[in-house]
Amino acid sequence: MVDAPTSAQEPSGAALPAQARVVVIGGGIVGASVLYHLTERGWTDVVLLERKRLTSGTTWHAAGLVGQLRATYNMSLLASYAKELFAELERRTGSGTGFIQPGSLLVATTEGRWEEIRRNASMAHLIGVDLELLDRDRVAELWPLMDASDVIGAAHLPGDGVASPTEVTHALAEAARVAGAQVFEGTPVTEVVQRDGGVAGVRTERGDIACEYVVNCTGMWARELGATADVAIPLHAAEHFYLVTEPIEGLSPDLPVLRLPDDATYARNEAGKLMVGFFEPNAKPWATDGIPADAEFLTLPPDWDHLEPWIERAARRIPAFGQAGIQLFFNGPESFTPDDRYVLGEAPGVRGYFVAAGFNSVGFASGGGAGRAVADWVVDGHAPMDLWEVDIRRFMPFQRNRRYLYGRTTETLGLLYEMHWPFRQMTTSRGVRRSPLHDRLAARGACFGEVAGWERANWYAPPGVEPRYEYAYGRQNWFPYSAEEHRAVREGVALFDQTSFGKLLVQGRDAEAQLNRVCAGDVAVEPGRLVYTPWLNDRGGIESDVTVTRLDETRFMVVTTGTSTMRDLDWLRRSFDPEARVAVTDMTSAEAVISIMGPRSRELLASMSDADMSNDAFPFGAVREIDLGLAFVRAARVTYVGELGWELYVATEFAAHVYDELVAAGERVGLRHAGYHALDSLRIEKAYRHWGHDMTDEDTPLQAGLGFTVAWDKPGGFVGREALLRQREAGVRRRLAVVVLDDPEPLMYHNEPILRDGRIVGRITSAAFGHTVGRSIGLGYVSRDDGPVTADWLAEGRCEVEVALERLPASASLRPPYDPSSTRIHA
């Protein structure tokens, strides 16, 4: 929605304040939202600095779509807040926002899309979004200009709408200004000043402002500004298109917003004209070498050749569009991130430096909720909800590489309207981080997925089968091959490459004391012991779950997931006393990890090593250096699959040799290669939790069923202990349960509602098909209003899970369906 620019908020000659509590950089919808919500929390000593004029980056040309439903539960919560915000702005300021609610239609023309819509409709029940499924005839009635001949159905969301991005942004800024905030246009920030590892102020051409916090809301400029403070903000601008027709006679003002993801197209009424926009694949990255310094209300040249196939497709779908003249071909830049999710939160390594950027063309719809979330984060010192999927700490430093971003951006722009298949893998900018075993695994038929840049074997294709995904919501092509890998672990022995584990070496005279304060478990153990422990925040929420191995008196190795490495490194450094004699070093690249898992794992390793691998000599939780082949490895007896097994930590230069020796010796015991899909199905049968899904910083060990990991009475206590004690005393009314479908055919993935006696009591956080159990198994939190969640309460109720709007009978328990007494891992 292209609106004319308006005047500055402050007189051009107004002096900047010498100091402020918070400086928000960037005057688009997101920056204005952060500023407004800071004042709503009572923080009025806040300043917004805009390099040119409000909205002049990308907000001014946003299409103005206001949709409530996103691909995930938490993102839908943020997006659905816009309706409430816009109504409040109009009431408070008396200014219009242009917000109207003609509703929207999300149309399916393929069976895969129709299932996706129905699964999202089930998720909508969790957040209270009004949604109705329509058949082809009803869709044609609501959108008579569309050719609906191949439409299967659509979701109708009557609460969706459109608004004016410029009017909303100015209303937010004005409401904040009335509350005491200051807004300055024409004030580019040239540097964020740091002192002692934190924000100290900002430098501008008009003078400096001392401050405690900075919020970088500069959109497509965020990466460049972040780089000046050594903050990695991986995003890249791309050309983004929409067309506006000449007026069309009889165009109804009540026409719903039309979303046609199978055509990569959306359409809506724009003052009696049709606005038709595109999220085409193979997008055009822009300004790889930097955005022009004078960029303001920027428009880019039309590119008819690039867009022609999609214009023609839209014209076939909406004949009136093809017949009308084109009044405007708009091409404006927007920023996109490597995983198509935006960037929020406090940057690792710089206290007080917050980011809210990289919105992948949903900034206007999500900016209200995202701005409120960041404001709460600044004020409270923690995120107001689980925001891990958009947390800046999920990114690796290499991901700000310009060539990497250029290649990935050609793909990410179109992802908003692509099918959101389970297990869908990116295809661009791949092969960046490889295990030393990568080529050997590829020769064995590995099909690789990508996590944090790592190429990881997700499954293995047998001879004669191409290792390539064929996506579906049902059983995908790799399902039977992964099932064989799963059975090999349960019945024999298998090899996993888990080199992507993050490995953090904590060492120093004070290492034990500092680490034991962070860990809820007791890591003051003898050298050669491993402890599984959560890290908690002051509220008792789980910030991470890790294993800690004591190597000697002053050295500990912390092992975490590849996706959490930067987060956990930052958490340790922030948590340790700056005066303590302790250092943390990221050793991830120094060691490969080969896991040997299954009931015959002892037999395999004992045949290769002089070490005593017996249960008495090498019990569960023990860590020993053993010889394998011509090398030595650090062997840790631990498991994430529910079977006897060892993780082998191998210096990188020895990894290929050790692998070759294992494979050669493994022929005698039927060693199989297994991938991460098998790992997932194995761990779900044991109800092993996965951080980021089944536990987050909002969930406590008592809620997650991890009370056994807590050393309640260890000397010195631990962070979060007081909160846990209060919760234990009050009783736990929200617990992680294991849910198993009765029917072996349907598949759960995540965000499916859990019902007890016909009432929604929770949602699935992760799920997989358990090949030993023969059913789809999910983990999910269930809540009870009138007392604690107990095993009896679960068993007494009628359990169902809603999958694609179908309620499926299930059983719910607090115990895993496979080996609940864990006898196999202690064999």
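This dialogue looks at one serine and at the cavities of a predicted model.

Colleague: What should I keep in mind about numbering and confidence?

Modeller: Residues are numbered from 1 along each chain as its sequence is written. In this predicted model, local features need pLDDT of at least 70 and side-chain atom pairs count only at pLDDT 80 or more, while totals for chains, interfaces and linings use all residues, and side-chain values use heavy atoms, with hydrogens and water left out.

Colleague: Is Ser-482 buried or exposed?

Modeller: Buried means under 20% relative accessible area, exposed over 50%, and partly exposed in between, with a 1.4 Å probe and protein chains only. Ser-482 has 1% relative accessibility and therefore counts as buried.

Colleague: What does the side chain of Ser-482 reach?

Modeller: The side chain of Ser-482 reaches the backbone nitrogen of Ala-678 at 3.3 Å.

Colleague: How many cavities does a search of the whole structure find?

Modeller: On a 1 Å grid over the protein atoms alone, a cavity is a set of points where a 1.4 Å probe fits but cannot get out, and lining residues have an atom within 4 Å of a point. The search finds six cavities of 30 Å³ or more, and the largest has a volume of about 180 Å³, a volume being the space filled by probe spheres set on the points.

Colleague: Which residues lie nearest the centre of the largest cavity?

Modeller: Of the 17 residues lining the largest cavity, Phe-423, Trp-478, Phe-479, Ala-768 and Phe-769 lie nearest its centre.

How values were computed: Polar contact = N/O pair within 3.5 Å; in protein donor to acceptor, adjacent residues only side chain to side chain. 1 Å grid on protein atoms, 1.4 Å probe; cavity = no way out; pocket = protein on both sides within 12 Å on 5 of 7 lines; lining within 4 Å.
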